[in-house]
Structures are given as structure tokens and as C-alpha cells.
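Got your viewer open and a cursor ready? Let's take a walk through this structure, one selection at a time.

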Amino acid sequence: FGGGSTTLVLVGDPALTSAARPLLEHDYKIAATLARLDRTPDTAFLDAHGKATAVTVLSRDRDGLKVTAYARDPSEFHGAFARHLLPLQVALGTGLPVAAVQHHLKVPVEVHDVAGRFADASAAEAAKGIGYLFVFLLYLSILLNAQAIMASVAEEKTSRIAELLVATIDPAQLLTAKILASAATGMIQLAAWIATGALAGSAVVGMFSDSAQSGAGMGIGPLALPPGEVLSFVAFFIVGFLQYGVLYAAAASLINRTEDLGSVTGPLVVPVVIGFLLAQLTLQFPTAPQLIVASQIPLLAPFVMFTRIAVSSVPAWQIVLSLVVNVAAAALFAFAAGKIYRVGLLLYGRPPSFKQVLATLRA
């Protein structure tokens with residue numbers, strides 16, 4: 001709540017306000033402490049007291065502590081505010097000192113990873129952060145580079161350059177060259193992003209280390225990436241890029257105007273978005289049966305399986321099976337896309353119908 005941005009004026013018996021102030025100062029700034037109010041607070045009253053966000057009146061009744069707030073934004077005063085004052089409420093009801101109540105309200109919790117993958121909860125949270133970052137880079141890179149392939153194919157076809165190219169180069173070779181060149185560009189792009197992020201992260205860690213004795217007590221430290229995690233990221237990036245790249249190129253070969261790109265891009269973006277959304281669920285539920293199945297499905301697996309690897313211990317056979325299934329799917333997509341690309345590249349006039357596309361695939 002607030003994160004220290006909310007300024008309060010405390011009003012009430014000094015015994016209550018002095019006990020409440022330390023409880024609230026962790027997240028609120030106390031602008032003033034008053035024994036009583038002469039009038040109902042309004043905006044002018046708040047402005048006169050350090051431009052406070054709210055006036056909080058503390059009093060006692062037969063049920064214990066009573067809080068009345070006069071706030072600029074009433075939605076800010078919900079459960080979080082009451083939790084801050086809970087020790088004081090218990091202290092009034094039991095007669096114990098507030099400090100003793102605070103001590104007993106704190107429950108020490110130790111969390112141990114049964115798989116031995118993470119040293120503690122903070123390491124697991126860091127892994128989720130890294131997993132999300134890498135999945136987002138995967139999503140961004142696949143989408144940007146696959147669409148670049150699509151735009152390139154569409155431009156070559158609409159400008160009739162494709163006719164000159166296929167006169168000297170086999171269409172399958174031309175498509176392969178485009179995919180490999182774009183994949184190399186994507187890898188360089190990813191490497192640049194990751195290197196920049198790593199350098200920036202090291203600089204931030206160094207800054208905090210200098211000012212806070214190497215980050216002690218702040219939970220700040222270098223983020224180490226296991227080699228297996230990096231290799232899996234590269235493997236699933238390549239597989240995912242090949243799957244989407246050939247599909248985007250085949251779709252682009254069917255249009256006659258660059259303005260028609262949007263009509264064929266829409267259906268191909270859907271699995272990318274679904275895969276990215278499933279990856280967000282996988283960060284929280286990596287062992288859910290539905291997500292385990294999704295980590296094997298082509299077009300979705302590059303996102304879901306990598307996320308599972310980043311945040312949990314995935315059986316080796318599931319990783320191998322996913323790679324085999326998705327490599328086979330990429331080969332099948334490439335074979336089908338090659339046939340569509342070969343015909344569509346030189347097909348002008350009306351876009352081919354779905355039946356014509358199926359006939360091309362059967363040929």
C-alpha cells in the first residue's frame with residue numbers, strides 16, 4: 001500500500017497515536033500528530049498540514065480500536081491499513097505491550113525446495129523473473145523476425161523481383177536462405193539484448209554493492225544462468241523460429257498487395273500470443289497437466305517448455321520428446337510451406353482459395 005507515498009495526519013489520544021505511529025511509519029509518512037480536531041477535515045485542512053493525503057482519527061470503544069479516516073481518495077483505505085494497526089488492536093484487547101504483540105504476530109517460515117533446484121525462495125523468484133524475461137525476448141524476437149520474413153517475401157512478389165529470383169534460384173533454396181538469414185539475425189539480436197541486459201544488471205548490482213556493503217540484506221546479487229537453461233533457450237528459439245518463419249513466408253507468398261498482409265498475419269499471430277500467455281501461467285503452475293501437454297504441442301512448446309525448464313525440474317524425457325516432436329513439426333511445416341511458396345510466389349491476380357492451397361499440398 002502506498003509504498004511511502006501516502007501522508008497522514010494522526011489524531012487522537014497521545015497514548016494511541018504514539019503506539020500507532022511506529023506501526024504506520026513503515027509505509028506512510030506522518031505529517032502531524034494532533035490530540036483532537038476542531039472541525040471536520042476538508043481539502044484545505046489537508047493542504048495546511050503538509051498537503052496530507054488523509055486524516056486518521058484513532059479512538060477506543062468497547063470493541064477496542066476505532067479508526068475514522070478523512071481521505072482525498074477513499075479507495076486507499078482498505079485492508080492494508082487495518083493490517084498495519086492490527087498489533088495495536090490486539091494489544092488493547094489483551095493488555096500486552098504492542099512490541100510483544102508484534103513479536104508474536106510474526107511467524108517464521110522456512111521454505112525448502114524438495115527438488116534441490118533452488119537454495120531458497122528468493123532464488124526461485126529470481127528464476128521466475130529470468131524465465132519471464134527470456135520468454136518475452138523469445139516472443140518479441142520470433143514475432144519481429146517472422147514478420148520481417150513476411151514483409152520481405154511480400155515485397156519481392158509485389159515488385160515482381162521474385163520472378164527474376166526464381167528464374168535462377170530454386171524457390172526452396174530461396175526460402176531456406178531467407179529463413180536461415182533471418183534466424184541468424186534473430187540470434188544476433190537476442191545476443192545483443194541479453195548482453196546489454198547483463199551489463200546493465202552488473203552495473204546496478206555494483207552500484208548497490210558500493211552503497212550497501214555488497215548488497216547485504218537487500219537481496220541483490222548477480223543472476224547466474226545455468227548452461228542447460230541457456231542451451232534450452234537457444235534450442236527452443238531455433239525450433240520456434242523455424243516453425244513460425246516458414247509459415248509466415250508461405251502466407252506472404254499468397255498475397256498480391258502489401259496491404260493484404262494484415263489479413264494473413266492475424267491467424268498466425270494467434271498461436272504466438274497463446275503461447276506467450278500460457279508461459280505466464282507456467283511461471284506459477286509449471287507442473288499442471290494441461291501445461292505439460294502444451295509444452296509438447298508445436299507452435300506452443302517453444303514458449304511453454306522453456307518456461308517449465310526455467311522454473312522447475314523437468315524430466316529429461318519430456319524435454320527430448322518436446323524437441324523431437326517440434327523438430328519433426330518444423331520439418332513438416334517447411335515441406336508444406338515450400339510447396340505453397342513455390343506456387344504462390346508466381347501466382348498473381350486473385351488470392352488462391354483454400355481448396356487450391358490444399359491441392360498444392362497434395363501435389
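Start by selecting Leu8 and Ala54: Leu8 stands opposite Ala54, which is in β3. The strands around this pair, β1 and β3, run parallel and share five bridges. Two strands count as paired if DSSP finds at least two bridges between them. Helices (H or I, at least four residues) and strands (E, at least two) are DSSP runs, numbered from the N terminus.

Before you click on, a word on what you're looking at. This is a predicted model, in which local features need pLDDT of at least 70 and side-chain atom pairs count only at pLDDT 80 or more, while totals for chains, interfaces and linings use all residues. Residues are numbered from 1 along each chain as its sequence is written, and side-chain values use heavy atoms, with hydrogens and water left out.

**The sheet**

Now show all four strands of the open sheet, in the order β2-β1-β3-β4, with mixed pairing. At the edges sit β2 (28-34) and β4 (64-71), each paired on one side only. Neighbouring strands are turned by 30° against each other on average, direction ignored. Axes here are lines fitted to C-alpha atoms, for helices over the stretch in contact, and angles run from 0 to 180 degrees between N-to-C directions.

Next, select β3 (residues 54-61) together with β4: they pair in the antiparallel sense over eight bridges. A hairpin of two residues joins β3 to β4. Two pairs to pick out: Asp61 has Gly64 in β4 as its bridge partner, and Thr56 stands opposite Ala69 in β4.

**A stop inside β1**

Go to Thr7, in strand β1. Is Thr7 buried or exposed? Thr7 is buried, at a relative accessible area of 11%. Buried means under 20% relative accessible area, exposed over 50%, and partly exposed in between (1.4 Å probe, protein chains only). Leaving aside neighbours within four places in sequence, Thr7 is in contact with Lys29, Ala31, Ala52, Thr53 and Ala54. Contact means heavy atoms within 4.5 Å.

**Two helices on the sheet**

Select helix α1 (residues 14-24), which lies across β1 (6-12), β2, β3 and β4, and runs at about 160° to β1. Then add helix α4 (residues 86-94): α4 packs on the sheet, touches β3 and β4, and makes about 150° with the direction of β4.

Stay with α1 and colour its buried residues: Leu16, Thr17, Ala19, Ala20, Leu23 and Leu24. Look down the axis of α1: these buried residues fall within an arc of 165° (taken from the directions from the helix axis to the C-beta atoms), so they line one face of the helix. On the other side of α1, Pro14 and Ala15 are exposed.

Where do the two helices meet? In α1, pick Leu16, Ala19, Ala20 and Leu23; they meet Pro87, Leu88 and Leu92 in α4. By class, this contact has seven nonpolar, no polar and no charged residues. Ala, Val, Leu, Ile, Met, Phe, Trp, Tyr, Cys and Pro count as nonpolar, Asp, Glu, Lys and Arg as charged, and the others, Gly among them, as polar. The axes of α1 and α4 are 9 Å apart, at an angle of about 140°.

**Last stop**

Select Ala151, in helix α6 (residues 121-158). Ala151 counts as partly exposed, at 35% relative accessibility. Now add Ala249: its C-alpha atom is separated from that of Ala151 by 8.5 Å, though the two are 98 residues apart along the chain.

Finally, zoom out to the whole protein, with its 14 helices and four strands.
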